[in-house]
Amino acid sequence: MITSAQDSGDPDREREDAATAAARLSATVDRLSAENAGLRAELSRRGLLDLATGVLVARLETSPAEAGGHLSRLSEETGVGAEDLAADIVNGTAGAVAVAPPGGGPAPPPRPEARRTRRTATAAEARPTVGEAAATLLEGGLAPLGVTALWLWRRTDSGCLRLAGHAGVSALEAVQWQWIPPSPPASFRPPLTDGVPVWLDAGPPPGETLPGPGPRAARALLPLRLRGAPVGAALAVWPGPARLGEPVRRALMDLTEVAARVLTAAESEPPSPDPVLDDLLDAMAHPAMTLRRDPADTGREPAVEYLNRAAAEALDVPGGASGHPLGRLFPLLHTELAELSERAHEGVSVRRAARLPAAPGVRSPAPLLDVRALPLGPARTAVLWHTGSDRGTAAARAVARLQGVAPFEDSLTAGVSVWGEQAYPMFGLPREAPPVPLTELRGRVHPEDRADLAELLSALTERHEGATAVIRLLAEEGRPRHLRITAEPLLTEGALTGITGVYQDVSAEHRTEIALSATFDQLTAVTERAAVRHRLALQLQRAIVPEMPALRLLPGLTATARYRPAVQEYRVGGDWYDVLPLPDGKVLVAVGDIAGHGIESATGMVALRNALRGLAFTGRSPGRLMAWLNEVTLHTPGHPTATAVCALYDPRDRTLRWASAGHLPLLLLREGRARLLDPPRDILLGAVPDAAYRETVTRLRPGDTLLLFTDGLIERRRDTLDEGLRELLRRSEALSGYAVDEQADRLLSEAGGDTDDDTSLIAVRVDPADGP
């Protein structure tokens, strides 16, 4: 028995069938779009060829078939394209015929601009609307003359002029000049009454206002007449004063003949219902559109009301007022766009989608990225998107993906607060709720922690300093939530205008610390259970600082890391490391060593490593990150001290910007020779408040290898630290020819350290493929 995918209930088969159907639909849409574009081009081409054939029929007194054959033979003999030759023939009707008649005689040389004008004219006449024809005339014929805007008015029975089409004109300006009364400005009268053009090289006369960018911008007012009768007027506008010589005037008059024919044959474009919004969308650099929906018919799909220029270019359709069904412009995305628009109207708020379609499929179209839908009253929606990833939005999403981390920003001048997605569940609020400014959190904070919040706000608002605090948020039910707040003031000319920072949910870490402390107290009460305590702590440490995969590819780097616990069984140390790619393309490389051993060191290591991870996404420099980390260390339970080195590698120029808090030097291995990069002598973390950390910039080369390590790698009971470093230099040079992961393995296995301390090692190699 044969069953369908629907009958069988096989989800994989259903997804495969859906992907196949989507691929077929996409292929069909692509084919029809290509055919449509080809038909439009062929219509314009055939119109010019047919016109030239008609001229030859009259001139040569022959049949259409013979005239068409003659045109083809001339194209082959002269090597001139059929369209260019047809343009020469049609242009020749205004003077000498641009083709040799039977019996000999050379044809006059054609003018390139004349050919361009004729092709533009034929293409404009093939357009369905006056607006599209105006755009074709401007782009193909007038723009090379310096014209930036074209207006076409149709004359009505009452003697008024009504705007029928325009190009290079804002929507608001088009609405303002939609009608011109029977008593128009003085410059309009010669074209309308006498059929005489008006050439304004330096703008209209004093006291007269005409459309254009300024009073001295050049303009040309031209009569539009058909079979001797006036049908309207045209206005060409330049960006500034211009000399309108004879070649420019002749070209303009040639194109206005076409405009007159278009004006009577094509459809006029209606004025924009909201010109200010249309102009605002056109001012945007990324695609945007407005959709119109029928509130009474919720089941009907919205229609595209307006496309801005960026959207029209991305979709390869004419811009401006569209009127296209949503399914025609987005055949594979119209359902998702309609649903996003509907959700925006239901919630009366902005709705977002990171990408549409949500997941790539077989032959899926190029996705719309960072899509936003904003309701505009009951019937309209503004939809904005990007065709490429926006760095700021992508960085915010990357921060939001960190577990329990969310960025925030409060504008004190506008009174607006913005939260990352993960902030809402931290505060127990729905996504539709307004964000709570940092300055208004007091009522949500545990009474015992309100002084800490006040000190944080005082540092930000009075001293204009960055600050960090851990507070407890009150919960309606259950345990309070522990929140770490790291914030920076936003200043404009010395005045505080806002606050930005990061919220981090550290509830799990706090509960872990409590559990570890309780476990410590309980297990140390009985000596025979000490081994269980150490084993638990060691497993916790391994879970927090896992072994990095043997090899990892990062922007411009190949990196590997190793961690070796203390030799003494179940002894817990405070070593940690991190290699983390950041949203701005840089790579964070860090190692640290908290003084001492045991549960306190392990929990302190967790606090510092997690804090540095969150702080790194602020994009600040290593020196600033170390200063913040010093403040975190001072407020960490147990008051630990630690050495650390924090580096940011920029693959664009291969620079390493780094700062050190009393840590060992870095080792640079270049062309088989090893040397130490001595850090500035800055104080270790947790020693004093308000410590400053200097930065060092090291430019790396392709093939360089950099080692960052803790003292467990080199410390020996009978030797000094300098002797251990010299031994490490010697071993590194001996291993310079090995791959970076094998080099790390051998260094760790052959290391001379014998103090039973734990060891962290990071090895990064600059990708030689980057080139010098």
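Which residues does Trp238 touch, not counting residues up to four places away in sequence? In this predicted model, local features need pLDDT of at least 70, side-chain atom pairs count only at pLDDT 80 or more, and totals for chains, interfaces and linings use all residues. Residues are numbered from 1 along each chain as its sequence is written, and side-chain values use heavy atoms, with hydrogens and water left out.

Trp238 touches Leu145, Gly146, Val147, Thr148, Pro213, Ala217, Ala218, Arg219, Ala220, Leu244, Val248 and Leu252; contact means heavy atoms within 4.5 Å.

Let's look at its surroundings. The largest nonpolar core has 31 residues, and Trp238 is among those touching the most other members, together with Leu142, Leu152, Ala220, Leu224, Leu252 and Leu263. Such a core is a set of buried Ala, Val, Leu, Ile, Met, Phe, Trp, Tyr and Cys residues joined through side-chain atoms within 4.5 Å, where buried means under 20% relative accessible area (1.4 Å probe, protein chains only).

Each element in this table supplies at least two residues of this core. Helices (H or I, at least four residues) and strands (E, at least two) are DSSP runs, numbered from the N terminus.

| Element | Residues |
|---|---|
| Helix 6 | 130-142 |
| Strand 1 | 149-155 |
| Strand 2 | 161-167 |
| Strand 5 | 219-226 |
| Strand 6 | 229-237 |
| Helix 9 | 246-265 |

Helix 9 gives the most to this core, eight residues. A second, separate core of 29 residues includes Leu608, Ala611, Ala616 and Val632.

Conventions. Buried < 20%, exposed > 50% of the residue type's maximum accessible area, 1.4 Å probe, protein only.
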